[in-house]
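Thanks for asking me to look this over. Here are my notes, point by point, to read alongside the structure.

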Amino acid sequence: RMFHDDELEESEKFYVGQPRVLLLIYALYNTLVARSEMVCYFVIILNHMISASMITLVLPILIFLWAMLSVPRPSKRFWMTAIVYTEVAIVIKYFFQFGFFPWNKHVDYTKDKPYHPPNIIGIEKKEGYVHYDLVQLLALFFHRSILKCHGLWDEDEKGESSSNKEDTDDELSLTGGRRDSSASLKSVNLAASVESIHVHFPEQQTAIRRKSSSSISQLSHRSSFSSHRSKRGKYIFKNNNHTTCSLYFLQCKLCVIKSHCGLCCFRTLQVYVPIRQFFYNLIHPDYSAVTDVYVLMFLADTVDFIIIVFGFWAFGKHSAAADITSSLSEDQVPEAFLVMVLIQFGTMVVDRALYLKKTVMGKVIFQVILVFGIHFWMFFILPGVTERKFSQNTVAQLWYFVKCVYFGLSAYQIRCGYPTRVLGNFLTKSYNYVNLFLFQGFRLVPFLTELRAVMDWVWTDTTLSLSSWICVEDIYAHIFILKCWRESEKRYPQPRGQKKKKVVKYGMGGMIIVLLICIVWFPLLFMSLIKSVAGITNKPLDVSITITLGGYQPIFTMSAQQNQLKSLDVNEFNEFLRSYRGNTAALQFLEGYAREDITRADLEGNSNSLWTISPPSRQKMIQGLLDFDADFTVVLSWTIQRFDFSFFSRTLEEVYPYYIKAPSDSLAKPIRQLLRGMSPDHGKQTMWENITVSLVKNGSEEGAREWWVLNQLRKTQKVSQESLELFIFSDKVSPPSLGFLAGYGIMGLYASVVLVIGKFVREFFSGISHSIMFEELPNVDRILKLCTDIFLVRETGELELEEDLYAKLIFLYRSPETMIKWTREKT
């Protein structure tokens, strides 16, 4: 029986009997304790996102280039550096809050300037300047207490002091009779503090290589190297070259310390050597716990890519209200959008190349360049481009936070090392419906499958040509899809001789029927609903009337704007509808318009311009009017043109269109449904309004002035002065976000959407007979294993065997009889 304790059992029973809310709080607290270092990272990054200054920039860079790269965990020196640095930053910020500093006298004027020096440094005066720093300090002390509780706070110090002691003893034995010399002791102590004896020439050590072809050789190398590392004091004596170099280095330091310039060089060495040794140990570790987080890094980059596409305006100047769809519809590519997309896409390609080459050194260099480059661009270049501080740019803050997640994953990948083998797609690890539909969706993304295949071919050692590589990838994808379907058939078998269930028939078949019907009638439904449901009222801003006699100088021009354009109230609108009671055509037309879509324009009867016509033209026009046997053309235009009619008197009969329709995509035209059948005498003929025309002369010292006056005989508003009245029916317009699709019209949507989709649907329903040999495979396990074997021998460097297996795969697809044998069910 296992160890039994009554108190522990009572404690367990007490814990289980607690309320669920309290148990949840306990679980959250334990999670917080277990991941206290992640809490510190999050608070530091959050503080930098809100402050966005040079003071807070140091710790995030140290996180990604020191803490997250440390094996197995960040050392005590890092946490002490973070704590001390945070305390110093708090003191500095507090010191510069006093009002006697010149830049604190005009805070309201300079607080939004991104390149104001105090804002860049982080010493500007503001409310709550130290809140997040205090939270950061609290999180660091919390993590420090957790490490002390588990005895991990002084662990690194003990390990370093023991190794330093061994190295010091060895160095003292080398000095021999010079122990009594103070200079010698001083030099030895300095050497021991830097840990320089056993790290100056690490290239000559027998370090483990990640790309070892045999696991046995890896174990032997690791064991031998770890034994040497455990006896570092004796290791120096076993290698004469190391001993000679160590002695030479000690003598050089004795000479260098004597001069002030040499002391500066030595101080530089004290900083450079540990950093160099840190990255060397990172690239050549004692052991490699390989992992693969490339998928998570790719997802983080994809999220950043989506943020750029939908929030590109946050990375440009004076584009806060921009819309990507409107910009692209106007054939304009914003520079900020283009630069950000290219940079993001380029980093994804480089990351893929490093993953395929499995080069940790390249990944370290890329991580350093990317960390410094992103921080420099986000906090020094971007505020100048957008002319607003980083802390005021929400989209940029979200993009930076996701990029920090990517940096953390990259650091974890570097620390653990790349996987030895990269086999297939990450979506092909399981054979279920989720992987099947995700993989098919992945293949539907334009150019993604092709780009991935070409990049894999470029950065993977292989003997296959590009066409052969793509052939293997296509076969593998096809076999994986078949494998998923076969596994689903095994999980949900269909008994022989039993008809399909109605759930399957009406579920799958009914969904396809509804989908096809929606595709066929999509343009009609879309154009009907886009303006009636989501349409926006587009009222006129200017209404103009122009009358021309026989092509001569216009006799009347007038426009109505602002206050002269009035909407109907409820009573007027109801009275307007009652006037057409019994007129079916008019009521059918009015069904598509609401009260706010109708505008009444009141135009002044006096022309707003004098009638300036030359005497010869005036005489010629009079002769044309006196000839009663000929027709004389009168053109009345408000985007309308009338046909020929005879002019006899000052009253123009049936010439004025009282109701005008203003479509969203064409010229305005009269509404014949409302002008037809208004009087029993006219029946179904079109009846227009009569207007009177008169010429007014005004003599003065400067000469006679003439202008024309028009008056509408029948108006809704009974006014005495000469005027014209016009009703405008404005069609609703589609919202700006859907205007690019509604602009094609019904026929355009049928030609561009329905026919294209119909072509793809037809390809799915036709030509099935030509692929029966490759689709109806009962068991694809052997073919799937052959494909994975090709991937495996390629990763292990057996390129000749890769050629043989590829030839076998091609022969299998060329031989139907062999394919039948290979795909039989196992008995």
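1. Let's begin with the surface as a whole. The protein chain exposes about 48,600 Å², and carbon and sulfur atoms supply 61% of that area. Please keep in mind throughout that this is a predicted model.

2. Now the overall build. The protein chain holds 34 helices and 11 strands. Of its 827 residues, 38% count as buried. Among contacts with a separation of 6 or more, 71% are between residues 24 or more positions apart.

3. There is a nonpolar patch on the surface that you may like to look at. Val503, Val504, Met508, Ile512, Leu516 and Phe765 make up this patch, with about 570 Å² of accessible area together. Helix H23 (residues 502-520) gives the largest share, five residues. One of the patch members, Leu516, lies in helix H23 and is partly exposed, at 32% relative accessible area.

4. A charged patch comes next. Asp6, Glu7, Glu9 and Glu10 form a negative patch on the surface. Glu10 belongs to helix H1 (residues 6-16), and its relative accessibility of 51% makes it count as exposed.

5. On to the salt bridges, of which a search of the whole structure finds 18. In one of them, Asp351 pairs with Lys363, with the closest N and O atoms 2.7 Å apart. This pair links helix H17 (residues 335-357), home of Asp351, to helix H18 (residues 360-386), home of Lys363. Asp351 is buried, with a relative accessible area of 2%, and Lys363 is buried at 1%.

6. Asp781 and Lys483 also meet through their side chains in a salt bridge (2.4 Å, N to O). Here the partners are 298 residues apart, with Asp781 in helix H32 (residues 781-795) and Lys483 in helix H22 (residues 466-491). Asp781 is partly exposed at 23% relative accessibility, whereas Lys483 is buried at 7%.

7. Lys821 and Glu817 form a salt bridge within a helix: both lie in helix H34 (residues 816-822), four residues apart, about one turn of the helix. Their closest N and O atoms are 4.0 Å apart. Lys821 is partly exposed at 45%, and Glu817 is exposed at 55%.

8. There is also a network of salt bridges, which links Arg352, Arg452, Asp456 and Glu473.

9. Finally, what does Ile307 touch, beyond residues up to four places away in sequence? Its partners are Phe312, Val395, Leu398, Trp399 and Val402. Ile307 sits in helix H15 (residues 294-310) and counts as buried because its relative accessible area, 12%, is under 20%. The C-alpha atoms of Ile307 and Val395 are separated by 7.4 Å, though these residues are 88 apart along the chain.

Definitions and conventions. Residues numbered from 1 in each chain as written. Predicted model: local features only at pLDDT ≥ 70, side-chain atom pairs only at ≥ 80, totals over all residues. Heavy atoms only, no water. Helix = DSSP H or I, 4+ residues; strand = E, 2+ residues; numbered from the N terminus. Buried < 20%, exposed > 50% of the residue type's maximum accessible area, 1.4 Å probe, protein only. Contact = heavy atoms within 4.5 Å. Patch = residues over 30% accessible without salt bridge, like charges linked within 9 Å, V, L, I, M, F, W, Y side chains within 5 Å. Areas by Shrake-Rupley, 256 points an atom, 1.4 Å probe, with all protein chains shown as cover. Lys, Arg positive; Asp, Glu negative; His and termini not counted. Charge placed at Lys NZ, Arg CZ, Asp CG, Glu CD.
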